[in-house]
Structure formats: structure tokens, C-alpha cells
Amino acid sequence: MKDYMILIFPEGSPEKHQPEQGGNDNIPDIGRYLEKLSLQGHLKEAQPFDPGAVTIRGSQGDFEVTSIPPNEVDSAGYYIITAENMQEAVNIAKNDPRFNQGQWRMEIRSVMQIEGIDDEAAIIDNSLE
């Protein structure tokens, strides 16, 4: 099994997908879908994104930080799943109930497994405490 990240993007007007605007009323269906994926051993993590974002561009200490207003952010959230291959990951994503309401786009990326990265992250986390 391999890990895949699925980035979720609403198509069209972002506000029509916001629960507070009366959109995305299929949240219970999404919850059941995620529960099923979890019971099948496919779901590792799933979270929505808060509105708004910040981008950082630059190199060698010269950075530009730009805020992106909530109405301009196009991503809704992400899943991290496990699947045998990309085709299985695609099939899992195609069953998302979001596709039953409005237009959505999902970007699926295979997560590389590089030995030692998790170990280094744990060292950094512990040093920040």
C-alpha cells in the first residue's frame, strides 16, 4: 500500500461551497464516506482548510509573504489515503459525495516515502517543546 494525498478544489464560485452560505449541504454524506474509507483501512487523515491563506515565495533569505483573501482561496481541504496504486486512489476519490453536488476537482498526488524524514521531523518537534 502507498500513501496518496487528495487535494480538494471547488469549481466555480467558492462561496457556493461554503456551509455558512448554504452550500455543501452534503456534509453528513461526506462524513459517512470518510467513515467507510476509515473502516476499509484507506483513510489516514482528512481535514478541511480554513478560509484564506498565505503564500511564501523566495530564496536564500529573500522572501515575499502574501495573504490570500478567503474569497480567492480555491482549495477546500485534503485527504491522505492508502491505496494499492494510482488507479485505486482515483477510484476512491471518484466516490466522494461532493461530486453529487456542484462541480469539484481533486488533485491526487503519490506521497514519496524517503527514509529518515519522519525521524528528522520527530527530532525537530521535540526540540521545539
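Q: Before looking at single residues in this predicted model, what does it take for a residue to be called buried or exposed?
A: A residue is buried when its relative accessible area is under 20%, exposed when that area is over 50%, and partly exposed in between. Thr82, which is found in strand β5, has a relative accessibility of 10% and therefore counts as buried. Gly41, in the loop between α1 (27-39) and β2 (43-48), comes to 45% and so counts as partly exposed.

Q: How far apart are Gly41 and Thr82 in sequence and in space?
A: Distance along the chain and distance in space are separate readings, and here the two residues are 41 residues apart in sequence, while their C-alpha atoms are 7.5 Å apart. A polar atom of the Thr82 side chain lies 3.0 Å from the backbone oxygen of Gly41. Leaving aside neighbours within four places in sequence, the residues in contact with Thr82 include Met1, Asp3, Gly41, His42 and Ile92. As for its backbone, Gly41, which follows α1, has a positive phi near 85 degrees.

Q: Which residues of α1 are buried, and why can they be said to line one face?
A: The buried residues of α1 are Ile30, Tyr33, Leu34 and Leu37. Seen down the axis of α1, they fall within an arc of 95 degrees, so they line one face of the helix. The face turned away from that buried side carries Lys36 and Leu39, which are exposed. Among the elements that cover the buried residues of α1 are β2, β5 (77-83) and α2 (86-94). As to its length, α1 has 13 residues and reaches 18 Å from its first C-alpha to its last, close to the 18 Å expected at 1.5 Å a residue.

Q: In what order do the strands of the open sheet stand, and which of them are at the edges?
A: Side chains in a regular strand alternate between the two faces of the sheet. In this model, four strands form an open sheet with antiparallel pairing, in the order β2-β5-β1-β6. The strands at the edges are β2 and β6 (104-110), each with a single partner strand, so one side of each is left without a neighbour in the sheet. On average, neighbouring strands are turned by 20 degrees against each other, direction ignored. Between β2 and β5, which run antiparallel, there are five bridges, and Glu45 has Ile80 in β5 as its bridge partner. Helix α1 packs on this sheet, where it touches β2 and β5, and its direction makes about 160 degrees with that of β2.

Q: What do the buried residues of α2 pack against, and which residue caps its N-terminal end?
A: In α2, the buried residues are Ala89, Ile92 and Ala93. They cover an arc of only 95 degrees around the axis, which puts them on the same side of α2. These buried residues pack against β1 (2-10), α1, β5 and β6. The N-terminal end of α2 is capped by Asn85, with a side-chain oxygen 3.1 Å from the backbone nitrogen of Gln87.

Q: How many residues of strand β3 are buried, and how does β3 pair with β4?
A: Strand β3 (residues 53-59) is hardly covered, since the count of buried residues among its seven residues is zero. Its pairing with β4 (residues 62-68) is antiparallel and runs over seven bridges, and Gly58 stands opposite Phe63 in β4. The hairpin of β3 and β4 has two residues between the strands, and in this hairpin Gln60 takes a positive phi near 50 degrees.

Key
Residues are numbered from 1 along each chain as its sequence is written. This is a predicted model: local features need pLDDT of at least 70, side-chain atom pairs count only at pLDDT 80 or more; totals for chains, interfaces and linings use all residues. Side-chain values use heavy atoms; hydrogens and water are left out. Buried means under 20% relative accessible area, exposed over 50%, partly exposed in between (1.4 Å probe, protein chains only). Two strands pair if DSSP finds at least two bridges between them. The expected span of a helix is 1.5 Å times one less than its number of residues. The arc is that of the directions from the helix axis to the C-beta atoms. Contact means heavy atoms within 4.5 Å. Axes are lines fitted to C-alpha atoms, for helices over the stretch in contact, and angles run from 0 to 180 degrees between N-to-C directions. A polar contact is a pair of N or O atoms within 3.5 Å; within protein, one must be able to donate a hydrogen and the other to accept it, and residues adjacent in sequence count only if both atoms are side-chain atoms.
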